[in-house]
Amino acid sequence: MRRYVCSVWRCFTGTFTGWAGVLLAGLLGAVLGVGGFTAYYAGITSYFHDDPKACVSCHAMNEQYEGWLKGPHHDVATCNSCHAPHDNLAHKYLNKADNGFWHSLKFTFGNYPENVQIRDGNREITEAACLHCHGDLVDQASSSSAHKGETVSCIRCHDGVGHKR
């Protein structure tokens with residue numbers, strides 16, 4: 001197996017000798033340089049933290065941010081507390097990367113809606129985050145309600161809980 005990989009590598013690198021190698025190196029350098037500058041200029045590292053100012057820094061989240069500042073979760077939760085998975089770190093950052101890609105793509109090309117829509121996968125993550133913190137309360141409420149046995153949807157009734165409107 002090792003010999004096969006080495007022979008494929010030699011064949012690949014042998015193809016790019018002379019001007020073809022210089023052209024490939026220049027093209028690769030340009031792509032990495034422009035990509036790196038774009039990531040730096042966009043402040044990509046701020047999205048690895050839990051500071052809500054990162055969420056409001058580049059798109060139409062001002063209303064949600066202001067609502068969070070005045071809302072009941074301000075002292076106990078950040079945006080990621082409710083909108084990022086709690087099951088493991090890899091899933092959390094994969095979700096953040098997915099959302100960041102689509103947010104930046106839509107915002108860059110001007111087709112970002114005024115009314116921010118929550119995709120189904122993110123709705124499930126938000127539901128799980130509610131249960132992560134308020135699971136005991138939800139269990140008590142659902143066992144004593146007229147809706148026994150039904151799947152509880154926190155955001156069906158409490159869609160603006162983190163945001164005073």
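This passage describes helix α6, its contacts with helices α5 and α7, and the aromatic and cysteine residues of the chain.

The structure is a predicted model, in which local features require a pLDDT of at least 70 and side-chain atom pairs are counted only at pLDDT 80 or more, whereas totals for chains, interfaces and linings use all residues. Residues are numbered from 1 along each chain as its sequence is written, and side-chain values use heavy atoms, with hydrogens and water left out.

Helices were assigned as DSSP runs (H or I, at least four residues) and numbered from the N terminus. Helix α6 comprises the 20 residues 89–108. The expected span of a helix is taken as 1.5 Å times one less than its number of residues; for α6 this gives 28 Å, in agreement with the 28 Å that separates its end C-alpha atoms. Exposure was classed by relative accessible area (buried under 20%, exposed over 50%, partly exposed in between; 1.4 Å probe, protein chains only). Buried positions in α6 are K92, N95, K96 and N99. Viewed down the helix axis, the buried residues of α6 fall within an arc of 100 degrees and therefore line one face, the arc being that of the directions from the helix axis to the C-beta atoms. The face turned away from this buried side carries the exposed residues A90, L94 and T108. At the start of α6, a side-chain oxygen of N88 comes to within 3.1 Å of the backbone nitrogen of A90. Just after the helix, G110 adopts a positive phi of about 75 degrees.

Two residues of helix α7 (residues 120–143) were examined, T126 and N122. With a relative accessible area of 15%, N122 is buried. Its side chain forms a polar contact with the side chain of N99 at 2.9 Å; such a contact is a pair of N or O atoms within 3.5 Å, where within protein one must be able to donate a hydrogen and the other to accept it, and residues adjacent in sequence count only if both atoms are side-chain atoms. Contact in general denotes heavy atoms within 4.5 Å. Neighbours within four places in sequence being set aside, N122 is in contact with N95 and N99.

N95 is also in contact with H83, which further touches I125 and T126, again leaving aside neighbours within four places in sequence. H83 belongs to helix α5 (residues 79–83) and is partly exposed, at a relative accessible area of 41%. The C-alpha atoms of H83 and N95 are separated by 9.2 Å, the two residues being 12 residues apart along the chain. T126 is buried, with a relative accessible area of 8%; under the same exclusion of neighbours within four places, T126 is in contact with C82, H83 and I155.

The number of disulfides, defined as pairs of cysteine sulfur atoms within 2.5 Å, is 0. C82 is in no disulfide, its nearest cysteine sulfur, that of C130, lying 6.3 Å away. C82 is partly exposed, with a relative accessible area of 26%, while C11 is exposed at 55%.

Aromatic pairs were identified among the rings of Phe, Tyr and Trp (its six-membered ring) with centres within 6.5 Å, and classed by their planes as stacked (under 30 degrees apart), edge-to-face (over 60) or tilted (the rest). The count is 2 aromatic pairs. The rings of F37 and Y41 have centres 5.8 Å apart and planes at 20 degrees, so this pair is stacked. Both residues lie in helix α2 (residues 19–41), 4 residues or about one turn apart. F37 is exposed at 51% relative accessibility, and Y41 is exposed at 67%.
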